[in-house]
2 protein chains.
Amino acid sequence: MLAEIICIGDEILIGQVINTNATLLSKELSKIGIEVLQVTSISDNIEKIKNSLKSAMEKSDLVVITGGLGPTNDDKTKIALCEFFNDKLITNPDVLEHIIKIFKDYVKKPINELNKNQALLPSKAKILINDYGTASGMWFRKNKKNVISLPGVPFEMKHLMEKKVIPKLKKHSKFHIVNKTLLTYGLGESHIAKRIESWEKELPKNINFAYLPNLGRVRLRLSSKGINEKQIHAKIDKYIAKLLPLIKDIFVGYEEDAPVEKQIQNLFKKNNFTLAIAESCTGGEIASRLTKIPGSSDYFLGSITAYNSSVKKEILGVDEQLIKTHSVVSKEVSKEMALKVREKFSSTYGVSTTGTAGPSLGDSKEKIGTVYITISKEDKIITEKFNFGNHRERIISKTVNKVFEMLIKIIH
Amino acid sequence: MLAEIICIGDEILIGQVINTNATLLSKELSKIGIEVLQVTSISDNIEKIKNSLKSAMEKSDLVVITGGLGPTNDDKTKIALCEFFNDKLITNPDVLEHIIKIFKDYVKKPINELNKNQALLPSKAKILINDYGTASGMWFRKNKKNVISLPGVPFEMKHLMEKKVIPKLKKHSKFHIVNKTLLTYGLGESHIAKRIESWEKELPKNINFAYLPNLGRVRLRLSSKGINEKQIHAKIDKYIAKLLPLIKDIFVGYEEDAPVEKQIQNLFKKNNFTLAIAESCTGGEIASRLTKIPGSSDYFLGSITAYNSSVKKEILGVDEQLIKTHSVVSKEVSKEMALKVREKFSSTYGVSTTGTAGPSLGDSKEKIGTVYITISKEDKIITEKFNFGNHRERIISKTVNKVFEMLIKIIH
């Protein structure tokens with residue numbers, strides 16, 4: 001089955017929001033073997049919605065639309081769909097009841113007529129009730145093609161997609177798409193490409209191979225599709241088995257198994273290790289990334305963001321003289337931060353980051369982009385120095401990625 | 001001038017990456033008065049690239065393409081552009097010299113033939129040298145239309161766009177688009193809509209008005225375009241002046257002035273205040289968001305992520321008996337965390353979050369979604385209790401948003 005995604009909203013076209021809906025929809029459809037041909041973002045404009053829908057239906061069997069279903073005047077999707085399918089809006093009593101219940105139980109504010117109008121829905125569509133909001137999903141069928149319209153609020157869209165759309169689509173999708181992505185750290189894409197050149201040449205036409213470089217790591221993705229899922233897996237695994245010996249030194253895991261934060265969690269739990277972090281230049285980002293994953297409280301004890309030099313001294317207990325002698329961005333202070341945080345939290349591992357993210361130098365004598373990372377355990381301590389360029393957000397992200405890489409390599 | 005953006009990459013269509021390039025491009029073009037009609041994402045396929053480009057050039061004066069310019073075999077954009085413009089690849093000596101220099105000074109690995117091939121570029125395009133990478137930008141002109149192809153690595157694309165594309169486009173763009181977005185907290189979109197109904201009805205046709213709801217806040221955007229920038233601003237400001245008295249209780253600032261994290265920084269600096277945070281359920285996210293903004297070290301002293309109950313006790317110094325009596329997710333513990341963190345860091349303000357983000361209950365007795373936030377200063381302390389639903393990431397994000405809202409309201 002071929003699909004196209006249409007995202008509606010002026011906020012996308014002026015760059016006010018990042019279109020995460022497109023990412024989620026693409027991922028969910030791919031997972032069940034539906035190939036997404038195109039993602040199109042357009043404004044809240046009736047003519048544009050109708051034109052894009054027409055063009056999408058010419059190329060695809062399925063069109064998923066998000067956005068433009070709110071209660072306010074700037075939302076036009078329902079009107080456009082009625083005009084396109086020659087339909088009219090009628091009150092759906094189940095939806096009306098649901099909206100009234102939401103206001104009573106959850107919003108706890110009086111319901112108004114705009115809210116009630118959310119129950120006015122196209123008569124020809126199958127209605128998908130939105131458990132978390134007042135904008136319903138709509139499912140049209142015409143000439144054997146499916147058009148599904150979902151709300152633009154990411155959480156509500158995700159819920160409808162996962163619970164009410166995917167289970168139905170899955171039954172009709174005969175194809176399977178298999179993606180397997182190898183995470184590598186420490187070598188650029190062109191150098192990997194040269195190293196695996198003859199392996200890549202041997203790949204059959206029906207396996208797609210892609211390099212995805214990003215901030216100090218390169219992901220290598222193999223994709224293939226077909227009717228027999230097992231066979232596709234076996235085919236991809238055969239080529240991965242030949243690839244692995246060539247990239248042994250840079251390979252850390254498979255992205256589909258789990259995001260890297262989850263892989264760290266698994267490693268810590270498997271070994272009964274605990275972790276504490278002293279963050280300076282990363283400002284809390286490592287802790288935040290690790291705790292986004294459920295279950296992190298089983299190994300992650302906590303962290304100290306010692307952003308200010310005096311905090312490194314007073315909260316972490318780093319020796320003042322050490323900071324004075326070596327400066328706050330130094331191997332010595334990095335080591336001491338990792339040792340102290342491990343001691344304070346009584347954790348198996350202590351990690352520290354200290355560096356100069358810029359744009360100003362702060363208390364540091366090192367040039368912008370210099371970062372020290374230390375990983376300490378009772379019986380070993382490793383400190384590495386890096387230069388991550390001169391762009392603040394990039395320096396922070398590269399540091400976080402490097403900490404994850406070092407943790408995985410050390411514990412593996 | 002009308003524009004279309006084409007993003008190329010299989011990784012977008014299988015949902016492996018979030019398309020932040022589209023957001024940045026849309027924002028940059030809008031800022032200089034170029035209206036983005038459509039954003040289209042397609043795969044690394046020569047025919048699809050040519051078809052999308054043809055269709056975009058029929059509707060728009062400017063097409064900006066990103067992606068598919070890497071040194072490896074999966075990247076096809078250069079080939080597609082040569083076929084489309086009936087062109088051929090020739091070695092650009094300046095680019096070759098630049099690539100050799102990058103490898104010598106920065107990559108510090110031997111250069112290989114794939115890297116050198118990055119200097120093979122279409123003969124008809126004006127070349128935009130990429131200071132941060134080996135994939136150059138290309139600028140074609142045909143029948144008075146502009147087609148600009150940029151690399152897909154976000155940082156490199158951003159640099160080329162900001163330094164080499166926007167300054168040139170700006171000279172040719174006669175129009176101005178003005179967006180002004182009011183940040184509000186605490187009232188749903190339908191209730192705001194009812195409250196400002198008669199104001200909204202009075203808006204002239206040439207001012208667009210939109211509601212953007214997201215996790216506890218609603219942004220209200222007014223947009224208009226024209227030739228005289230001053231006049232458009234004056235027109236929008238006139239209607240904002242009438243709107244403000246209606247939303248006084250929920251309005252916190254303008255998004256275009258600065259992101260909310262920057263507004264907090266400004267408020268703290270203006271008042272010579274400092275801040276320290278004790279994060280439990282937010283796991284470092286507040287610290288991480290605040291420190292992404294340059295200059296944060298001037299007021300943000302640091303934070304403790306007290307993820308584990310024992311850490312709340314041993315690192316923060318929260319009384320063990322208090323935790324036993326009231327449980328870790330309670331008003332009492334929240335208060336104590338904020339007081340203790342302020343004391344430890346000697347900051348003007350102390351903020352704490354404690355809650356149950358789920359999916360499991362952890363050490364808490366409260367149901368999932370319960371969050372306590374405390375903001376403490378020497379002479380006052382405010383604790384509020386919330387229920388933010390039952391979705392982990394949403395609970396964390398809503399808590400962070402709420403902390404920002406409370407800080408702005410309290411300090412304003």
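Here are a few questions and answers on one helix and one strand of this predicted model.

It's a predicted model, so local features need pLDDT of at least 70 and side-chain atom pairs count only at pLDDT 80 or more, while totals for chains, interfaces and linings use all residues. Residues are numbered from 1 along each chain as its sequence is written, with chains lettered from A and ligands numbered from 1 in the order in which they are written.

Me: How far does helix α2 of chain A reach from its first C-alpha to its last?
Reply: Helices here are DSSP runs of H or I with at least four residues, strands are E runs of at least two, and both are numbered from the N terminus. α2(A) covers residues 20-31, 12 in total. The expected span is 1.5 Å times one less than the number of residues. That gives 16 Å for α2(A), and the helix comes close, at 17 Å.

Me: Which element of chain B do the buried residues of α2(A) pack against?
Reply: Buried means 20 or more other C-beta atoms within 10 Å of a residue's own, exposed 12 or fewer, partly exposed in between, with C-beta atoms placed from the backbone. Among the buried ones in α2(A) are A:Leu25 and A:Leu29. Their packing partners include β1, β9 and α7 of chain A, and from chain B, α1 (10-13).

Me: Which residue in β17(B) is the bridge partner of B:Val371?
Reply: Strands pair if DSSP finds at least two bridges between them. β16(B) and β17(B) run antiparallel, joined by 8 bridges, and form a hairpin with 2 residues between them. The partner of B:Val371 is B:Phe386.

Notes:
Two residues are in contact if their C-beta atoms, placed from the backbone, lie within 7 Å.
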